[in-house]
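Let us read one feature of a structure together, step by step. Please have the sequence and the model in view.

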Amino acid sequence: MLLLALIGPYIAPFDPLAIDFRNRLVEPSWTHLLGTDGSGRDVLSRILYGAKLTILSTVTVIATVLFFGCILGIFSAFVGGTIDNFLMRIADVWLGFPPLILALGFAAALGSSLEAAILALIFSWWPTYARLSRMITVDILSKKFVASANALGVSTARKVTHYVLPNAFDILIIQVTLDISAVMLAISGLSFIGVGAQIPQPEWGAMIADGRSFTSKGWWVVTFPGLMIFITAMSFNIIGDMLRRELDPTLVTRH
Amino acid sequence: MRYVLERIAFSLFALFILIFITFLLSHVVPGDPAIAAAGPNAGAEKIQLIRERMGLDQPFHVQFLTYGSKVLAGDFGTSWFTHQPIADDIMRELPPSLELVVLAMLINLVISFPVGLIAARYHGSSFDNGVRVVAIAGAGLPIFWTAILLQQKVAADWQLFPVAGRLSFAYRDFEGATGFYLFDSLAQARLDVFLDLIMHMFLPALALSLLFTAVGVRITRTSMISEFRKDYVVMARAKGASEARIMFRHVFRNGATPSLTVFGMQFGWMLGATVLVEEIFGRPGIGRYAVKAVTQSDIHAVVGVVLVVGLVFVISNMAIDLILFAINPRKARED
């Protein structure tokens, strides 16, 4: 999938934005393998370019929430006490709210664009990682080897880089794989509603929204981008599930 | 009692956070509302005047308190595109959405519990593996895509269900006291209207529920598997209890508890996900209202929806937790 995102633009047979009104809604054929959309753009080319757009946005969201969530979670665990309690209560509440509707609120406040949708999802998704990294840190800090490290006067920074992060890696990587599909569904959902990527950007959700008016005349315009979202999200779910069965911690998936 | 009070306190805290988030959304994130309200040609003096009238020159916490007390009094402001009080709009749009979510939830439960239980009972069998794979795959379904495909195939091509709307044209004059037409039609003994409503709701509810059902099956299966492994099941088997009795009387009752918490959360998430299906099926509801509000950049209407969905979410979670506590005080506290 990542490979597809990288090489997609190079193997695409047509310009994803080129409008060709003589070839509107052409059925899948040898020239246009997946047909053309209502403005005569090649669906296969758009899907290939869209892979980069969709995956890049998803990775941006996940990387950012992973980074800031972990900083907050590890900080919270080290500080402890009232601040820790307060931060985690906020994370609990925030974690529960329907992410889609929260992101919709942020996107509405920020204005409709793909960047706004990305930012909106970052705002909605951080608690998962704050909660998780805090849990892991507290667990590690309670271990005996940390007590002996304390006796030796090991610095906090060293504890984070040498004890917490290596131990947290496995669990975080599983959560990341499972969240990729959820974030991807959310981004394409927001784009479908019209608050994310804007037509003619070749984002998969936006393509489906664009193709909706032609579903009776050109089923391929809606079917293929959706199929791509489904296959990609499913692949990440399967990878995540395989990783989890290897390590089996108790994780929660949000949708 | 202590647990109940703690749970209520947590919900109030959640409500506070919710109001704070919506305050940020409507007052802080969009930039200076006074400049927006004054229009493009306003001078600095006019902007200052509007800023004072809107209370934007007040300190941050004063603005927040003003906003919070307004919201708690049920005043969400006026919508730009319907020119109605937002609270009235939402009260009108909420019942159809709630009805839809309840039906979607029923579909979810009717599938998740039996499938999860049976898969757990025959853990490791080919049926169980099949269920696991389908559940993982299903969790990758884009709701809006399934909705369009179902509408196109089942409704438009096969004509098994109506394509769009809440009621058929013949019943366009139907009105109910509560706005919950399923309830109203039964109260008026209009079975024809009731069936028509269900026919219109079925496909959107199915599209809405599939993704959540996939997650629901997985959660139920996992919690039932761990329940089957417990000592009391071995004990019951040793005492010669029938397999059916073990499954329904013991495992199901205990294993259902943790999944109920998840289903409680899913209720709120589904209500949020109505933004993806209501527009497609041309149904009235807060999801469609929110989408319209977003496209009209009516930030206060969007924030109103966020508030109400959040409120439903807080209430449904608290209700589930309190019900579980009432059924089994000891177990609820452990979870």
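**Two packed helices in chain B**

Q: Which residues of helix 11 of chain B meet helix 13 of chain B?

A: Residues are in contact if their C-beta atoms, placed from the backbone, lie within 7 Å. Helices (H or I, at least four residues) and strands (E, at least two) are DSSP runs, numbered from the N terminus. Here T257(B), L260(B), T261(B), G264(B), M265(B), F267(B), G268(B), L271(B) and G272(B) of helix 11 of chain B meet residues of helix 13 of chain B, including V309(B), F313(B) and L324(B). The residues of this contact comprise 9 nonpolar, 7 polar and no charged; Ala, Val, Leu, Ile, Met, Phe, Trp, Tyr, Cys and Pro count as nonpolar, Asp, Glu, Lys and Arg as charged, and the others, Gly among them, as polar.

Q: How far may the model be relied upon?

A: This is a predicted model, in which local features need pLDDT of at least 70, side-chain atom pairs count only at pLDDT 80 or more, and totals for chains, interfaces and linings use all residues. Residues are numbered from 1 along each chain as its sequence is written, while chains are lettered from A and ligands numbered from 1 in the order in which they are written. Chain B has a mean pLDDT (the predictor's confidence in each residue, from 0 to 100) of 86, with 93% of its residues at 70 or more.

Q: At what angle do helix 11 of chain B and helix 13 of chain B pack?

A: Two packed helices are described by the angle between their axes and the distance between the axes. Axes are lines fitted to C-alpha atoms, for helices over the stretch in contact, and angles run from 0 to 180 degrees between N-to-C directions. For helix 11 of chain B and helix 13 of chain B the angle is about 165°, and the axes are 9 Å apart. The two helices are therefore roughly antiparallel (over 145 degrees) to each other.

Q: Which element gives the largest share of the side of chain B that touches chain A?

A: In total, 42 residues of chain B are in contact with 39 residues of chain A. Helix 13 of chain B gives the largest share of that side of chain B, 9 residues.

Terms used. Angles under 35 degrees count as roughly parallel, over 145 as roughly antiparallel, 65 to 115 as roughly perpendicular and the rest as oblique.
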